[in-house]
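Here is an informal walk through one protein model. Have the viewer open and follow along.

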Amino acid sequence: EGTTQLAKFGLHPIPNAGKGGSGFEGDYRGFRCGYNWGSAAQVQTKAGGMQTGSEFWVDLGFDGPPLAIVERDDQSWRRFKRQVPEAPVRTMDSTFDQRFIVRCADRAWAERVLTAELRAELLKWPLLFLVQWQGKVFFLLSFDGTRLFDSIDAPQGWGMMERADIFLDGAILLATQLRATHTQIPAA
């Protein structure tokens, strides 16, 4: 069922994604994207692999400072504790800061990326857990409880793949801004 749903968004199974996991890749809205589940949903770090559980991703094309945008009351961001700092970066946008916590070691980078326009768009989105890491933007599906499924009115399990556009579009929204910000930085 999930394979059929993901194919509607241009994502197709990757052979040998790993025992106990599934991987899908393809192109969606002009971006190289994918979905990983189970053992295939793993971000590689200097300290080894980190299991994320379930994630959509968008290829960014460059690697910038790790950045996380997470619903304020979601604690699953702690899986990235070694990659993103614990101290939040405040945007000075009270509505945005009330809903989300932004974590980034490079405050200036976060400020350039999180424009007023991007913050306004992110506020329209259902629950978000976006992480920019190792040349990709990940939309992680590891929210506390069932809040994610309730907020997008989708069944749990593979049935939620009917709404893959929400996850991919959310990651693309951040990826587009990250790319624009990256090209605006003058070369040293």
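What share of the contacts in the protein chain with a separation of 6 or more comes from residues 24 or more positions apart? The figure is 60%.

## The overall picture

Keep in mind that this is a predicted model. The protein chain has 188 residues, and 51% of them count as buried. Its secondary structure comes to six helices and 10 strands. As for the outside, the accessible surface is about 8900 Å², with 51% of that belonging to carbon and sulfur atoms.

## Two nonpolar cores

The largest nonpolar core holds 42 residues, and the members touching the most others are Tyr35, Phe56, Leu122, Phe139, Leu174 and Leu178. The top contributor to this core is helix 6, spanning residues 164–184, which puts in nine residues. A second core of nine residues lies apart from it, with Trp57, Phe129, Trp133 and Leu140 among its members.

Phe56 is worth clicking on. Setting aside neighbours within four places in sequence, its contacts include Leu6, Leu11, Gly34 and Tyr35. Phe56 also touches Val137, Phe138, Phe139 and Leu141, and the list goes on with Met161, Ala164, Phe167 and Leu168.

## Helix 4 against helix 6

Now for a helix pair. The axes of helix 4 (residues 116–124) and helix 6 come within 11 Å and cross at roughly 175°. Anything over 145 degrees counts as roughly antiparallel, so that is how helix 4 and helix 6 run relative to each other. On the helix 4 side, the contact is made by Leu118, Glu121 and Leu122, while helix 6 brings Leu173, Leu174 and Gln177. Two of these names, Leu122 and Leu174, also appear among the core residues that touch the most other members.

Thr181 sits in helix 6 too. Is Thr181 buried or exposed? With a relative accessible area of 1%, Thr181 is buried. Beyond its neighbours within four places in sequence, Thr181 is in contact with Trp109, Arg112 and Val113.

## Asp93 and its arginine partner

Asp93 is a loop residue, placed between strand 7 (67–71) and helix 2 (94–99). The cut-off for buried is under 20% relative accessible area, so Asp93 makes it in at 19%. What does the side chain of Asp93 make a polar contact with? The partner is the side chain of Arg119, at 3.0 Å. Along the chain Asp93 and Arg119 are 26 residues apart, and their C-alpha atoms are separated by 8.3 Å.

## Around Pro65

Pro65 belongs to the loop between strand 6 (54–59) and strand 7. Its relative accessible area is 23%, so Pro65 counts as partly exposed. Leaving out neighbours within four places in sequence, Pro65 is in contact with Cys104, Asp106, Trp109 and Gln132. Trp109 therefore turns up as a contact of Pro65 and of Thr181. Measure C-alpha to C-alpha in your viewer and Pro65 comes out 7.5 Å from Trp133, though 68 residues separate the two in sequence.

## Two loops with positive phi

If you check backbone torsions, stop at Arg29 and Gln134. Phi of Arg29 is near 55°, a positive value in a residue other than glycine. Arg29 lies in the loop linking strand 2 (21–28) and strand 3 (31–38), and at 52% relative accessibility it counts as exposed.

Phi of Gln134 is likewise near 55°, again positive in a residue that isn't glycine. Gln134 is in the loop between strand 9 (129–133) and strand 10 (136–140). At 37% relative accessibility, Gln134 counts as partly exposed.

Definitions and conventions:
Residues are numbered from 1 along each chain as its sequence is written. This is a predicted model: local features need pLDDT of at least 70, side-chain atom pairs count only at pLDDT 80 or more; totals for chains, interfaces and linings use all residues. Side-chain values use heavy atoms; hydrogens and water are left out. A nonpolar core is a set of buried Ala, Val, Leu, Ile, Met, Phe, Trp, Tyr and Cys residues joined through side-chain atoms within 4.5 Å. Buried means under 20% relative accessible area, exposed over 50%, partly exposed in between (1.4 Å probe, protein chains only). Helices (H or I, at least four residues) and strands (E, at least two) are DSSP runs, numbered from the N terminus. Contact means heavy atoms within 4.5 Å. A polar contact is a pair of N or O atoms within 3.5 Å; within protein, one must be able to donate a hydrogen and the other to accept it, and residues adjacent in sequence count only if both atoms are side-chain atoms. Accessible areas come from the Shrake-Rupley method with a 1.4 Å probe; for residues, only the protein chains shown count as cover. Axes are lines fitted to C-alpha atoms, for helices over the stretch in contact, and angles run from 0 to 180 degrees between N-to-C directions. Angles under 35 degrees count as roughly parallel, over 145 as roughly antiparallel, 65 to 115 as roughly perpendicular and the rest as oblique.
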